[in-house]
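Good morning, and thank you for the time on today's agenda. Please bring up the sequence and the model, and I shall walk you through a few of the contacts inside it.

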Amino acid sequence: MGERLLHLADQRATERLAEDIAVMLRAGDVLALSGELGAGKSTFARALIRAVADDPDLDVPSPTFTLVQSYELRLTIAHFDLYRITDPDELAELGFDEAVATGVVLVEWPERAGNMLPERAIHLTIAEGETADARTVHIRAPDQTIARIDRTLAARAFLDASGFEGVQRRFLLGDASSRAYERLVADGASPFILMNAPAQPDGPIIRDGKPYSRIAHLAEDVRPFVAMAKWLKSKGFSAPDIRADDLEQGFLIVENLGSEGLLDPSGAPIEERYTAAVEALAQLHVTPVPGALPVGSETYHLPAYDLGAMQIEVELLVDWYLAHERGTPPSATEREDYITLWRQAIASLEGSEAHVVLRDYHSPNLIWRGDREGVDRLGIIDFQDAMLGPTAYDVASIVQDARVTIEKPMADRLVAAYVAARHGLGPFDEPAFRRALALMQAQRGSKILGIFIRLKQRDGKPGYLRHLPRMRSYVAEALRHPDLAELRSWYETAGVFGPGAGDDQQA
């Protein structure tokens, strides 16, 4: 267990601590709030619930008489006040265990819960400070949770030191990595985003003394993002301006490019916006390739999307997806044949057109700015994993969007729009591009099928499973290319496109 002692100058500081805790909360967290009457437990709880709701005027009544008050927000929150219970067994009737299992739980007067609190609970004891409004807060929690609390407090210190004192923090999103994003709200506006990206590799050592992230050339800190953001902006593309950074800790304050995306209110793709996205790629692919990029006092060079990176990515399908789909892992022979086929396919790309590969060029990472012109209409917000590789890869990303179904007729029109734009910008080998596109679609789709299973099984993120049927369909379509017939035969024999029920319906 770890402990921290915080000194808060006034009620606003107590509310700000609640906001700082709110952005790091995850389902399963239990906050046990102790202190004398009037110490500030309800003040803290109310501020935390309003921060999660992103509603400063939300009615948060005290559960003193109801004993529990529930809120269906970004996270389900159950607020318990145990002052009036006489026996811990009463918690079962209040649905305490279910609340702990499904959401976030706040408990005032937790000492009356007996041994009902889980060992992972975060204990906050609030006491009076040196002045009438001041408070001290003693926090006790498991070491991993203390690390999360230290991280959110470090983010607050970074904001204060960067001229954002007292700004409201609101959870925006977390992604498939360890990165998280917050809206920074001041005077009712949110012109900036906090990127919270602790430096760390992705997973354990797996090959040649390296973790997966180093073999696949994934960013392990914020430096690649900073370098690429500045380069993209210098070439006229709409990447976020960086207002402040802490490269060592992995904090960035970046411009908020907006919230309108490429989808309509029903979640369907808007073809005009996707067309603008492929035309922006065409413009990117005739821009001179960057050399050394300055970042802080250092320089950064884009890594190559090489055989090792592509190979480790497609291995995710046999290492994670196939056992999930079939119920049994691949045999040694199956795995060896698969790897050999992909090694040959990837080698065939040698000599293909190469440029910047942004790597995650699809709807969640593109912002629509309809009041702008040209490439400025498209805000690009995710490029820290950029490499130098086949130009076809990012075209594959957008025309086979992992998060939204792009029907084949529309995908064909998008590819045609890209091809037309490239022909209009100079010499372009269309047949070579189309072959590389099919290969990159199959490679990327195979990788994503494996990643989505890994996210569930290793990282406890089952929500991505709902995208499996779409990705299977995309891969099957890509493998129809005649040059990929041997790969297609392996996939069909191995049962990659098998019944596919599994967990698809559990997300």
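Let me begin with a question: does W490 count as buried or exposed? W490 counts as buried, at a relative accessibility of 10%. Before going further, I should state that this is a predicted model, and that every value I quote is computed from it.

What does W490 pair with? Its partner is Y338, and the two rings form a tilted aromatic pair, with 4.6 Å from centre to centre and 45° between the planes. In sequence these residues are distant: Y338 belongs to helix α10, residues 332-347, while W490 belongs to helix α15, residues 485-494, and 152 residues separate them. Y338 is also buried, and its relative accessible area is 0%. So both members of this pair are buried, because Y338 stands at 0% and W490 at 10%, where the limit for buried is under 20%. The pair belongs to a wider group, since Y338, W490, Y491 and F497 form one aromatic cluster. Across the whole structure, the search finds 14 aromatic pairs.

Aromatic rings also meet charged groups here. The ring of Y83 has the charged end of R112 over it, 4.7 Å from the ring centre. A second example involves R454, whose charged end sits over the ring of Y212, at 4.7 Å from its centre.

I turn now to the salt bridges. Side chains of opposite charge can pair when their charged atoms come close. How many salt bridges does the count give? The count comes to 33 salt bridges, and I shall present three of them individually.

One of these joins D29 to R148, with the closest N and O atoms 2.7 Å apart. D29 lies in the loop between α1 (11-22) and β2 (30-34), and R148 lies in helix α5, residues 143-161, so that this contact links distant parts of the chain, 119 residues apart. D29 is buried, with a relative accessible area of 7%. R148 likewise counts as buried, at 16% relative accessibility.

Another salt bridge joins R207 and E315, at 2.6 Å from N to O. This pair, too, links distant parts of the chain: R207 is in strand β11, residues 205-207, and E315 is in helix α9, residues 307-326, with the two positions 108 residues apart. Which partner is buried, and which is partly exposed? R207 counts as partly exposed, at 31% relative accessibility, whereas E315 counts as buried, at 3%.

The third salt bridge is formed by E430 and R434, whose closest N and O atoms are 2.9 Å apart. Both residues lie in helix α13, 4 residues apart, which is about one turn of the helix. E430 counts as partly exposed, at 23% relative accessibility, and R434 counts as partly exposed as well, at 37%. Beyond individual pairs, salt bridges that share partners join R12, E15, E19, D20, R156, R169 and E182 into one network.

Next, I ask you to look at two points in the backbone. W109 is not a glycine, yet its phi is positive, at about 60°. W109 lies in the loop between β5 (104-108) and β6 (122-128), and is buried, with a relative accessible area of 11%. H217, also a residue other than glycine, has a positive phi near 60°. H217 is found in the loop between α6 (212-215) and α7 (223-234). Is H217 buried or partly exposed? H217 is partly exposed, with a relative accessible area of 22%.

My last topic is the second largest pocket. Rolling a probe the size of a water molecule over the atoms shows where empty space is left. The second largest pocket holds about 440 Å³ of space. The elements giving two or more residues to its lining are α12 (408-425), α13 (430-457) and α14 (468-478). Which element gives the largest share of that lining? The largest share comes from α14, with 5 residues. In total, 20 residues line this pocket, and those nearest its centre are Q400, K408, D412, Q441 and E477. Sorted by class, the lining has 8 nonpolar, 5 polar and 7 charged residues.

That concludes the presentation, and I thank you for your attention.

Technical notes:
Residues are numbered from 1 along each chain as its sequence is written. This is a predicted model: local features need pLDDT of at least 70, side-chain atom pairs count only at pLDDT 80 or more; totals for chains, interfaces and linings use all residues. Side-chain values use heavy atoms; hydrogens and water are left out. On a 1 Å grid over the protein atoms alone, a cavity is a set of points where a 1.4 Å probe fits but cannot get out, and a pocket is an open set with protein on both sides within 12 Å along at least five of seven lines; lining residues have an atom within 4 Å of a point. Grid points are joined across faces, edges and corners, and a volume is the space filled by probe spheres set on the points. Ala, Val, Leu, Ile, Met, Phe, Trp, Tyr, Cys and Pro count as nonpolar, Asp, Glu, Lys and Arg as charged, and the others, Gly among them, as polar. Rings of Phe, Tyr and Trp (its six-membered ring) pair if their centres lie within 6.5 Å; planes under 30 degrees apart count as stacked, over 60 as edge-to-face and the rest as tilted. Buried means under 20% relative accessible area, exposed over 50%, partly exposed in between (1.4 Å probe, protein chains only). A charge sits over a ring if NZ of Lys or CZ of Arg is within 6 Å of the ring centre and within 35 degrees of the ring normal. A salt bridge is a side-chain nitrogen of Lys or Arg within 4 Å of a carboxyl oxygen of Asp or Glu.
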